[in-house]
Amino acid sequence: MGLLFIIATVTARPQECTGLDGGLKALREQPYGVYMLTAVGAGLICYGLYLMVKAKFARM
């Protein structure tokens with residue numbers, strides 16, 4: 001595991017990082033990308049709803 005972190009650190013190119021928006025744009029450019037992007041959006045919405053329900057019924 002440590003070796004993987006070292007390799008990732010040595011080969012990283014931060015100037016090429018695009019963040020979440022770059023990842024979603026790359027996903028959109030794939031074949032069936034619009035449908036995959038829709039599925040990702042629906043998943044994020046469902047996760048947000050789950051967190052709201054969890055927060056409402058959580059006991060402290």
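The questions and answers below go through a predicted model of one protein, from its overall build down to single residues.

Reader: How many helices and how many strands does the protein have, and what pattern does it follow along the sequence?
Author: In this predicted model, the count of secondary structure elements comes to 3 helices and 0 strands. Read along the sequence, these elements give the pattern α-α-α.

Reader: What radius of gyration does the protein have, set against a compact globule of 60 residues?
Author: The C-alpha atoms fill a box of roughly 45 × 35 × 20 Å when this is taken along the principal axes. For a compact globule of 60 residues one would expect a radius of gyration near 10 Å, whereas the value for the protein is 18 Å.

Reader: What share of the 60 residues is buried?
Author: The protein exposes about 5800 Å², and carbon and sulfur atoms supply 71% of that area. A residue is called buried here when its relative accessible area is under 20%, and among the 60 residues the buried share is 3%.

Reader: Are helices α2 and α3 parallel or oblique to each other?
Author: Helix α2 covers residues 19-28 and helix α3 covers residues 33-57, and the two pack with their axes 7 Å apart at an angle of about 135°. An angle over 145 degrees would count as roughly antiparallel, and one from 65 to 115 as roughly perpendicular. The angle of about 135° fits neither range, and α2 and α3 are therefore oblique.

Reader: Which residues make the contact between α2 and α3, and how do they divide by type?
Author: Where α2 and α3 pack at about 135°, helix α2 contributes L24, L27 and R28, while helix α3 contributes G33, V34, M36, L37 and V40. By type, the residues of this contact divide into 6 nonpolar, 1 polar and 1 charged.

Reader: Is M36 buried, exposed or partly exposed?
Author: M36 lies in helix α3, and, leaving aside residues up to four places away in sequence, M36 touches L27 and Q30. Its C-alpha atom is 9.8 Å from that of L24, which stands 12 residues away in sequence. Because the relative accessibility of M36 is 35%, this residue counts as partly exposed.

Reader: Is Y35 in helix α3 buried or exposed?
Author: Y35 has its place in helix α3, and its C-alpha atom is separated by 31 Å from that of A8, 27 residues apart along the chain. The cut-off for an exposed residue is a relative accessible area over 50%. With 62% relative accessibility, Y35 therefore counts as exposed.

Reader: What is the phi of Y32, and where is this residue placed?
Author: Y32 is exposed, because its relative accessible area is 65%. Although Y32 is not a glycine, its phi is positive, at about 60°. The place of Y32 is in the loop between α2 and α3.

Reader: How far apart in space are P14 and V34, C-alpha to C-alpha?
Author: P14 lies in the loop between α1, which spans residues 2-11, and α2, and with a relative accessible area of 61% P14 is exposed. V34, for its part, is one of the residues that α3 brings to the contact with α2. P14 and V34 are 20 residues apart in sequence, and their C-alpha separation in space is 27 Å.

Definitions and conventions
Residues are numbered from 1 along each chain as its sequence is written. This is a predicted model: local features need pLDDT of at least 70, side-chain atom pairs count only at pLDDT 80 or more; totals for chains, interfaces and linings use all residues. Side-chain values use heavy atoms; hydrogens and water are left out. Helices (H or I, at least four residues) and strands (E, at least two) are DSSP runs, numbered from the N terminus. The radius of gyration is taken over C-alpha atoms; the globule rule is 2.2 Å times the number of residues to the power 0.38. Buried means under 20% relative accessible area, exposed over 50%, partly exposed in between (1.4 Å probe, protein chains only). Accessible areas come from the Shrake-Rupley method with a 1.4 Å probe; for residues, only the protein chains shown count as cover. Axes are lines fitted to C-alpha atoms, for helices over the stretch in contact, and angles run from 0 to 180 degrees between N-to-C directions. Angles under 35 degrees count as roughly parallel, over 145 as roughly antiparallel, 65 to 115 as roughly perpendicular and the rest as oblique. Contact means heavy atoms within 4.5 Å. Ala, Val, Leu, Ile, Met, Phe, Trp, Tyr, Cys and Pro count as nonpolar, Asp, Glu, Lys and Arg as charged, and the others, Gly among them, as polar.
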